[in-house]
Every structure is written in C-alpha cells, then in structure tokens.
Amino acid sequence: MFYAAKIICMSQPDGDPWYHAGLHFTCTRCGHCCTGEPGYVWVDDAEINAIADFRREARAEVVALYTKDSQRGPTLREKSNGDCVFYDRTAGCTIYPVRPRQCRTWPFWDSNLQSPQAWERTRGVCPGAGQGELIPVEEITRRLKVISL
C-alpha cells in the first residue's frame with residue numbers, strides 16, 4: 001500500500017498538466033498496491049456500507065473486523081504481513097467490485113502525477129502504469145478529484 005501527500009501537479013507553459021496527452025494504464029491485478037509495506041486505505045461511510053452489502057455482513061461487523069481509526073478517519077486494516085485485509089494472494093482483491101475510491105483511482109493520485117519523474121517511480125512499482133489503454137487527461141482529472149492523495 002502506498003502513502004501519499006497532496007501535491008500540485010506540474011503544468012506546461014500553456015497551463016496544461018504535463019500528462020495533457022493522457023497516460024497509459026491497465027490494472028493487471030498484480031496486487032502490488034495492496035500488499036507489502038503498511039499504509040492507509042481510507043474509507044468513508046458509503047464505502048463501508050458497500051463492503052458490508054457486498055460481503056453480506058452487518059455494517060458493525062465490517063467496521064469492527066476490517067477497519068481501524070486513524071487521524072484522517074477510518075482505514076482498512078492490514079494483515080500482519082502488511083497486505084490489505086481484503087487481499088488474497090491467490091484470488092486477488094476479494095471486494096474488487098466495491099473497492100474503495102482510493103483503490104479505484106490508483107495510480108491517478110496527486111502524488112503520482114506531480115511530475116514525469118513521479119510517474120516513472122509509479123511505473124517502477126506498478127506493472128500496469130504506462131501499459132495498456134490510453135487514459136485521456138479528462139478522465140485522469142476526474143479521478144484526481146475523487147480523493148486527494
């Protein structure tokens with residue numbers, strides 16, 4: 001999982017972001033963004049409710065078993081090895097259809113798009129970054145607005 005901070009994206013002289021032509025990305029479901037070093041996956045009430053509905057569990061049970069409090073608000077718990085509580089090394093994300101917005105918008109976070117160098121670092125840890133479908137700047141901008149990371 002990744003830690004992130006709000007950072008203003010570098011712009012071209014004409015005001016367009018450096019990625020104005022779009023960026024290639026396709027999720028390979030490799031799990032690199034879900035495993036390893038501890039981090040935070042912040043969730044709001046709607047996301048907790050969606051997870052509870054998807055898992056057919058009571059909301060209170062989902063909160064008690066799968067979230068913990070942080071200064072920014074509730075976050076998903078991790079397993080002892082740092083993996084997301086909902087990541088299975090064989091099956092992948094077990095809540096993929098209702099995964100939190102933080103997961104849905106990866107890798108289009110402020111911290112990954114602050115500069116071409118930041119994007120290159122992202123490509124180094126995410127095999128889907130720089131590959132596959134061309135995501136237009138308008139869609140990248142939409143995803144950036146979903147959650148600030």
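**Exercise 1. Which residues have the most contacts inside the largest nonpolar core, and how many residues does that core have?**

Before starting, note that this is a predicted model, in which local features need pLDDT of at least 70 and side-chain atom pairs count only at pLDDT 80 or more, while totals for chains, interfaces and linings use all residues. Residues are numbered from 1 along each chain as its sequence is written, and side-chain values use heavy atoms, with hydrogens and water left out.

Solution.

Step 1. Fix the terms: a nonpolar core is a set of buried Ala, Val, Leu, Ile, Met, Phe, Trp, Tyr and Cys residues joined through side-chain atoms within 4.5 Å. Buried stands for under 20% relative accessible area, exposed for over 50%, and partly exposed for what lies in between, with a 1.4 Å probe and protein chains only.

Step 2. The largest core has 18 residues, and those with the most contacts inside it are Tyr19, Leu23, Phe25, Phe108, Leu113, Trp119 and Ile140.

Step 3. Two or more residues of this core come from each of β1 (23-25), β6 (129-135) and α6 (137-146), where helices (H or I, at least four residues) and strands (E, at least two) are DSSP runs numbered from the N terminus. The element that gives the most is α6, with three residues.

Step 4. Take Leu23 and set aside residues up to four places away in sequence: its contacts (heavy atoms within 4.5 Å) are then with Trp18, Phe108, Leu113, Trp119, Glu133, Leu134, Ile135 and Ile140.

Step 5. A second core, separate from the one just described, has 15 residues, among them Cys34, Val41, Ile51 and Ile95. As background, nonpolar side chains in soluble globular proteins tend to be buried together.

**Exercise 2. Determine how helices α1 and α2 are placed relative to each other, and list the residues that make their contact.**

Solution.

Step 1. Two packed helices are described by the angle between their axes and the distance between the axes.

Step 2. For α1 (residues 45-55) and α2 (residues 59-66), the axes come within 9 Å and cross at roughly 105°; such axes are lines fitted to C-alpha atoms, for helices over the stretch in contact, with angles running from 0 to 180 degrees between N-to-C directions.

Step 3. The crossing therefore makes α1 roughly perpendicular to α2, a class that covers 65 to 115 degrees, whereas angles under 35 degrees count as roughly parallel, over 145 as roughly antiparallel, and the rest as oblique.

Step 4. On the α1 side the contact is made by Asp45, Ile48, Asn49, Ile51, Ala52 and Arg55, and on the α2 side by Arg59, Val62, Val63 and Tyr66.

Step 5. The loop between α1 and α2 holds Arg56, whose phi is near 55°, a positive value in a residue other than glycine; Arg56 is exposed, at 80% relative accessibility.

**Exercise 3. Work out which residues of α5 and α6 are buried, and what covers them.**

Solution.

Step 1. In α5 (residues 116-125) the buried residues are Ala118, Trp119 and Thr122. Seen down the axis of α5, they fall within an arc of 100°, so they line one face of the helix, the arc being that of the directions from the helix axis to the C-beta atoms.

Step 2. On the other side of α5, Arg121 and Gly124 are exposed, while the cover over the buried residues includes β1, α4 and β6.

Step 3. The buried residues of α6 include Val137, Ile140, Arg143 and Leu144, and they are on the same side of α6 because they cover an arc of only 120° around the axis.

Step 4. The face of α6 turned away from its buried side carries the exposed residues Glu138 and Lys145, and what covers the buried residues of α6 includes β1, α3, α4 and β6.

Step 5. For Glu138 the relative accessible area is 58%; Glu138 and Ala21 are 117 residues apart in sequence and 9.8 Å apart in space, C-alpha to C-alpha.

**Exercise 4. Describe the surroundings of Pro100 and the peptide bond that leads into Pro107.**

Solution.

Step 1. Pro100 is in the loop between β5 (92-93) and α3, and is buried, with a relative accessible area of 1%.

Step 2. Leaving out residues up to four places away in sequence, Pro100 touches Val41, Trp42, Val43, Glu47, Leu76 and Ile95.

Step 3. Pro107 lies in the loop between α3 (101-105) and α4 (110-113), and the peptide bond from Trp106 to Pro107 is cis, with omega near 0°.
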